[in-house]
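Let's take a walk through this structure, starting with the whole chain and then moving in on one sheet. Have the 3D view open as you read.

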Amino acid sequence: MAQRIIVDPITRIEGHLRIEVEVANGKVSNAWSSSTLFRGLELILQGRDPRDAWLITQRACGVCTYVHGLSSVRCVDDAVHVTIPENARLIRNLLMGVQFLHDHLVHFYHLHALDWVDVVSALKADPAKASKIANQVSPAGNSGTSDFKAVQARLRKFVDSGQLGIFTNGYWGHPAYKLPPEVNLIATAHYLEALRQQARTARMHAVFGGKNPHVQSLVVGGVTCAADLNPDRISEFLYLHKETKAFVDNVYIPDLLAVAGFYKDWGAIGGTSNFLCYGEFPQQGKEPDSLFLPRGAIFKREVAKVQGVDVAKISEHVKHSWYEGDQAKNPAQGETRPAFTKMDTNDRYSWMKAPRYNGEPMEVGPLARVLVAYGKGHGPTKKAVDGVLKKLNIPVTALFSTLGRTAARAIETQIIADAMDGWIMELVENLKSGNDKTFTPYEMPEESTGVGLNDVPRGALGHWVEVKGKKIHNYQLVVPSTWNLGPRCGADKPGPVEQALIGTPIADPKRPLEILRTVHSFDPCIACGVHVIDPASNEVYKFRVS
Amino acid sequence: MEQGNDLSRRLDRKGVSRRDFLKFCTIVSGTMGLAPAFAPRIAEALANPRRPPVIYLSFAECTGCSEALLRSSYPWIDELVLDILSLEYHETLMAGAGAQVEAAKAAAVAKYPGKFICVVDGAIPTADKGIYGTIGGKTFLEIAGEVVPKSLATICMGTCASYGGLPAAAPNPTGAKGLKDALGADLKVPVVNIPGCPPNPINLVGTVVNYLLFGKLPDLDAKGRPLFAYGKTIHDQCPRRSHFENGEFVTEFGSKEARMGYCLYQMGCKGPETYNNCPTVKFNEGTSWPVQAGHPCIGCSEPNFWDALSPFYQAL
């Protein structure tokens, strides 16, 4: 007989998310994803100075900080018809690269790892054996017997204190944990190391952005950090980047491979069918004509047939969301206003809307980007993906899974970290040749529209603005977590995470660890995902795409 | 000496080197405006084997304040979480989920009545009975009402929890309020505001240290902010102040004046009306702050700054 499980709150994510599943015969047979926070940022944006929009939209999320700021300045750049200088493009790309590195590191170690790593089991590990294993998989430092002994002692002291803090009521000893104690100890040591590394990685944002979270050096027309484009600052950035890259190469990637090796069965769990990405990192001239990570859409897992992206095919549905109305059919008809009814999975159950592309739910994020790049024959991606598949001895089809999603995130972290080296050198060459331009002046038009399409750590992100009387008339964000975690649409098709959860094995319905694995593999970001789309919001497809 | 050795032993047991620890204590005492002689006393207070319990609640927020806490380097976040505080509840970091963490929160409140420090980030939606934000089926308003009055003291981390922040910006679609406003005059527990978008984590650490050291919360200004951090304007502490006095202004981003680090007043800098210690403590291990990155201050630690101090690129 089917049993309902509600997990609320889902922890180790950004924001407030509730997951309800139905379990039958030890497996998830149905799932509902509900976002339980509504702030109404689009309404707050209306009537304001378009130049201020990026400061407001950046606060859509403090975990994926920067990305909504960047999307917004790109969107308003487009509306005022300005082409930013080369140096501004490079600084913006570098800051975006930092965001990917930081976000993915924190996700793997602090938001996702405890789904796979049993911290308490690490107490039983033999530190000498852990050291031996660690040295076999990676040249990373802090891997001596004494290092692991120290971590174990610190952990034991913590557990013995009886004050378990954030580890209270974890799922320790759950049968779905498969790592030997030594690997648990290595991963726990790296969980702690990564807590410091992420702060060092985020420092790169401060070098050219003043601070992190919430960088403050972007402006419509370019960047403001003109005084920081000097040898001292560039060296500081390079040093921090080198340190992060070493951590990615020597700790993150080896840990991913080591842990994944024990969870290969998750290469057949948690998959979806359709994938969408807008692409990211414009490499020259006007954004976004040339993109380092390519744009594309994949249907029914046909990786070899990557299709182009047409934003006119995007629609947002509200049949199962707490908004007035039934379905996003004709944007000109009626306003969409928040209208809470009650939590009812048969009716309305989320503050998120349900975006669809050509009527289909689309997964966005690292896996979508890696699949599109792989399908388009993107050199660095193909090499990295084939390498990981070979090392894990799994087929390409295993990518359509929870494991594949988590692996794709690590793969692209390494690809972006490598590419950043080149962008820093481009910046240095520009400055050496006397090109120190960072800003292009512009006039705010009386009326205009603009769009900013980006791919950010969690997936495809679009901002749309309509300017009237030099003020924001309408502003809209269609964001990654809405794609991934939105509810059912007008045609009652489940969203990607709802689809991915079906078939997930559940060993103990009272301790639903396996649900967290798949939900976390999407790296949910709920504050971003919830938006009211008012008269304008449904007008996505009416906006001109330049 | 006796005391010093004992401290070393206790730090050692916590896996913290005495030298690193004292270094951080010196930085914290500096931020708090205390004499360097206080550093050892701060170290002593923080090395207490019984770690002070903290319950961290997140409401209508963007998680930027929690992320800011993760960037703490004096001390590092792993030291805060494992060695110094007992973080009983924090949604972004908790290992468990759902019913398990809700139970952990309830148990912590019951175990430490009137003894835990509550930290809150995010505003509280109050319109339509607070239905715009729920956790575990309860509204943020209900959760705050259950937990905050039982705390020893509550610290509002960030402008949203302090004054409503972005969700409360016009037209305030969800009736969002800061914690004190939302809970009303009946709230007897002392509340400290650490505004900023997000705030510098050292100001949260300084507030907690003040309590551990002196057994009381720091002195506050009329807006509930600790004077050690929010006692002076950005403008009064700004390294570009001499350019202001000399009439040397940036009038266009990317210009020669911008490259030379001139005053950003005419670009809309809100430093003259903003109280915070950004110019002196800076962010991310003292790496930089917005004016150093060539961008005007937007006044993010002032109540209602999204409305009162915008448009941001217009001179005061």
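Before anything else, a word on contacts: two residues count as being in contact when they have heavy atoms within 4.5 Å. Keep in mind too that what you're looking at is a predicted model. With that in hand, take the contacts in chain A that have a separation of 6 or more: 76% of them come from residues 24 or more positions apart.

Now for the overall build. Chain A holds 15 helices and 14 strands. Its radius of gyration is 23 Å, close to the 24 Å that the globule rule gives for 546 residues, so chain A is as compact as a globular protein of that length. Along the principal axes, the C-alpha trace spans about 70 × 65 × 45 Å. Of the 546 residues in chain A, 68% are buried. As for the outside, the accessible surface of chain A is about 16,600 Å², and carbon and sulfur atoms make up 52% of that.

Next, the sheet. In chain A you'll find three strands forming an open sheet, in the order S12-S13-S14, with antiparallel pairing. Why do two of the strands have a side without a neighbour in the sheet? S12 (447-456) and S14 (471-478) of chain A stand at the edges and have a single partner strand each, so one side of each stays free of a neighbour there. On average, neighbouring strands of this sheet are turned by 15° against each other, ignoring direction.

Look at how S12(A) meets S13 (residues 459-468) of chain A: the two run antiparallel and are joined by 10 bridges. For instance, Leu453(A) has Gly462(A) in S13(A) as its bridge partner. Finally, helix H3 (residues 67-79) of chain A lies across S12, S13 and S14 of chain A, and runs at about 145° to S12(A).

Key
Residues numbered from 1 in each chain as written. Chains lettered and ligands numbered in written order. Predicted model: local features only at pLDDT ≥ 70, side-chain atom pairs only at ≥ 80, totals over all residues. Heavy atoms only, no water. Pairing = 2+ DSSP bridges. Helix = DSSP H or I, 4+ residues; strand = E, 2+ residues; numbered from the N terminus. Axes fitted to C-alpha atoms, helices over the stretch in contact; angles between N-to-C directions. Rg over C-alpha atoms; globule rule 2.2 N^0.38 Å. Buried < 20%, exposed > 50% of the residue type's maximum accessible area, 1.4 Å probe, protein only. Areas by Shrake-Rupley, 256 points an atom, 1.4 Å probe, with all protein chains shown as cover.
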